[in-house]
Each structure stands twice: as C-alpha cells, then as structure tokens.
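User: I'd like to learn how to read a structure step by step. Could you walk me through one, giving the general idea before each case?

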Amino acid sequence: MPVPTLPPFPDDVPTHPLLVIDYELLKAKDQEEIDRLWGAATSLGFWYLKNHGVQEEVDGMFEMGEATMKLPMEEKMKFEQGDDGSSFGYKAAGANAVDADGTPDTVEFINIAKDDGFAWPNTARRTYPSTVTSRMDSIVVPFIKKSTAINSTILDIFNSKLGLPDDVLTRKHSIEEYSGSEARTIKNPKGMSKERLAIAAHTDFGSLSFLHNRLGGLQVLPPGIDEWQYVKPLPGHAICNVGDALAVLSGGILHSNIHRVIPPPGAQATYERWSQVFFTRPGNSVVLEPLSSLSPIIADAVQKDPHKNLNAGGATAYEWFSRRVKNQRIKNRTGPETWQASRGTEQGRA
Ligand SMILES: O=C(O)CCC(=O)C(=O)O
Ligand SMILES: [Fe+2]
C-alpha cells in the first residue's frame, strides 16, 4: 500500500532526544551497544531501535487497522473487549477515561493476543473481525512472532545486566504460558482540539513495548522535568520502552516512564494518527515483586532506594494488568477512585 506523504514533524516544539540503538549490533552481542541500551533503559526507559527488520509487517498492520476501523460500528462491537479487565479485541473511542474526572479518550484500537498469534489457526483467547483473520498468516502472526523475538533478545540482555541466573526473565515471559502480551493498532481521528488527550498519561502495564509511529503526538514527562516533551517519530525506527512489570521485577533499576498521546503537532494535526504497538507482558502467573532473592544487584537497589515505592502488592501479572484495564473503562467508573485504581507506577506524577 502506498504510504501518503505526511507533513514533517515541526522543529519548534519541545522534543526529548532518545538514544538510537542498533538491533543488529544487539544481536551480535556488541558490548558497547548493550551498554548504551542499558543506559537508556535505566534512565528515561525509552529508546529508538533501528535495523529491527519488522517494517514490512508494521506497514501491513497499519493496512489491517484501516480495514478494521472502516467496518460498521455494529460489526466492530461484536469483538469489543468488554468490561471485566480483558484487553483483547476492539476498544471504541471514548470507552476509556483519560483523567480522574472521567473525560473520554479519543482513540479506537484493536488488540490481538500473542496467544492467538502463536495458536493460529486455532483460537486461544478469543476471535477477531474478518479483517484480522484474513491477514493472520500474511501479516499478523509474522508481526507478533518477530516482535516477540526482538523483545526477548532485549529481555535476555537485561537478565544478564541485572545479574540474574540464566533465562529467569525468559521463563517469566514464556511463549507457552498465557499472558497479556498483545499487538495493538491505534487510530486517533483527525481534527481533535490541540490539548485533547488521545491516550491518558500512563506508564505501560507490562514489560517491554515496541512502538511504531508515523506522526508526532507521543509525549514523555522525563524524570525531574515538569514539561511534556514530544518523542519525534523517525522513519524506520521503532520507539521502545520499559513498562511497570519490568520496573517492579528489577527493583526500580529499569525505569517505566510516564507518557501520553495528544493530537499530532503543527501541520500534522489535520491527519489521522495511526500507531502500532507490540506489548510484551509477563506470563499471567508471574508475581510482580523485586527479584531480590535471585540477584544481589536487585537486592542492593531495593535496599538503597526503598522510596521508589514500586510495590505491586504481590499481585500477579494477570491481576496487575486486569485491574488497570478494568478501571480505565468509563463503564466501570464510580468516581475519581476508579481512575486511582487504574494507576501503575506513575507515583502521583499523572
Ligand atoms: O500511540 C502512541 O504513540 C503510544 C501508545 C501508547 O502509549 C500505548 O498504547 O500504551
Ligand atoms: Fe503506553
């Protein structure tokens, strides 16, 4: 599908630079690149990834997203994610709150479970619209498998940097165990007012996010800075970030940073905004607590900085994830307390 020419990202808006990490060098176990990745993951927790080799599948996922969002609403709602904290399926625009007042979000998205990708042509978790199933073999399954492999290469690097015994993080993110891992294709309509939040300020729920943007709109609130700063999309570069689960498991060494999405800046504002993510999340049964007993490095970090307060209360990944999904749904809202109940490791910053 030809990609339309989009206006450039403006050069007069506050932008946060990210390190560019080369996936080919990570795969080749280049120590310098591994150290740069570690620096990014333990500071802002965001970095660009180039040479990831998933561009064709990403373009295909965008095309799948367009076909899906064009379906009649009645058809899309047959595949709606529901109100019980399950994320897989379709989410209509306005179904989630973006703040404690219950202001609705503006994005619609389709989430496809990693478990359905790996089980295909069988069904593991749920069914999807025909626009998804007709592209499973050619696009969706390859996207899920390649994204999973990339995130597991990165998890392996973190495993060793954290001083954990071999394969601890791999086992906590096993392909066999059901998890909340999913592909998400997001559409924000054009013409939304400038300040209107498309996606609420949040930290990601899982371990690693692998994101593909064509237009601006993603912003981060960096540690110690009280200004939202854009992350500029770079063609062919993914934006990767650490989520809450890894932040908790690592005793706060890996950083899960707050981010949000607003309409694209400048001349980009008159275009629909599409983004494609793959979220790697721990297996459902994984208990979210610092892995102190397995790593002196983590034990030391927890002891030195107990104020990090990354206490997940001994929740399993399943409980953590469904609590956050469920309480952001406006249908489940009773008041500001519902918003509070949807929060992760933001620590009051949003
Ligand atoms: O659309 C984006 O750029 C980011 C999406 C995001 O943060 C999310 O879905 O968690
Ligand atoms: Fe996010």
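User: Which residues touch the most other members of the largest nonpolar core?

Analyst: Before the core, two notes on conventions. This is a predicted model, where local features need pLDDT of at least 70 and side-chain atom pairs count only at pLDDT 80 or more, while totals for chains, interfaces and linings use all residues. Residues are numbered from 1 along each chain as its sequence is written, and chains are lettered from A and ligands numbered from 1 in the order in which they are written.

A residue is buried if 20 or more other C-beta atoms (placed from the backbone) lie within 10 Å of its own, exposed if 12 or fewer, and partly exposed in between. A nonpolar core is a set of buried Ala, Val, Leu, Ile, Met, Phe, Trp, Tyr and Cys residues joined through C-beta atoms within 7 Å. Here the largest core has 76 residues, and F46, W47, V140, F210, I239 and L288 touch the most other members. Helix α7 (residues 136–161) gives the most to this core, with eight residues; helices (H or I, at least four residues) and strands (E, at least two) are DSSP runs numbered from the N terminus.

User: What is W47 in contact with, leaving aside its neighbours within four places in sequence?

Analyst: Contact means that two C-beta atoms, placed from the backbone, lie within 7 Å. By that test W47 meets L18, L19, I21, L37, A40 and C240.

User: L37 and A40 make me curious about α2. Which residues of helix α2 are buried?

Analyst: In α2 (residues 31–41), the buried ones are L37, A40 and A41. They sit on the same side of α2 because they cover an arc of only 95 degrees around the axis, an arc being that of the directions from the helix axis to the C-beta atoms. Q31, E32 and D35 are exposed on the other side. The buried residues pack against β1 (20–22), α1 (23–27), β2 (46–50), α7 and β10 (238–242).

User: Now the ligand. Which residues surround ligand 1?

Analyst: A residue counts as near a molecule if its C-beta atom, placed from the backbone, lies within 6 Å of it. The shell of ligand 1 consists of R184, I186, I199, D204, L211, N213, L218, H259, V261, S275 and V277. At least two of its residues come from each of β5 (182–188), β7 (208–213), β11 (259–261) and β12 (273–280). By class, there are six nonpolar, three polar and two charged residues; Ala, Val, Leu, Ile, Met, Phe, Trp, Tyr, Cys and Pro count as nonpolar, Asp, Glu, Lys and Arg as charged, and the others, Gly among them, as polar.

User: Which residues does UniProt list for the Fe2OG dioxygenase domain?

Analyst: The unreviewed UniProt entry lists residues 164–282; positions follow the numbering used here, feature names are shortened, and annotations may be inferred rather than shown by experiment. This span is 9% helix and 32% strand, with its end C-alpha atoms 16 Å apart.

User: And backbone oddities: where is the cis peptide bond?

Analyst: Look at omega: W120 and P121 are joined by a cis bond, with omega about 10 degrees. P121 lies in the loop between α5 (114–119) and α6 (130–133).

User: Is K29 buried or exposed?

Analyst: K29 counts as exposed because it has 11 C-beta neighbours inside 10 Å. Although not a glycine, K29 has a positive phi of about 60 degrees, and its place is in the loop between α1 and α2.
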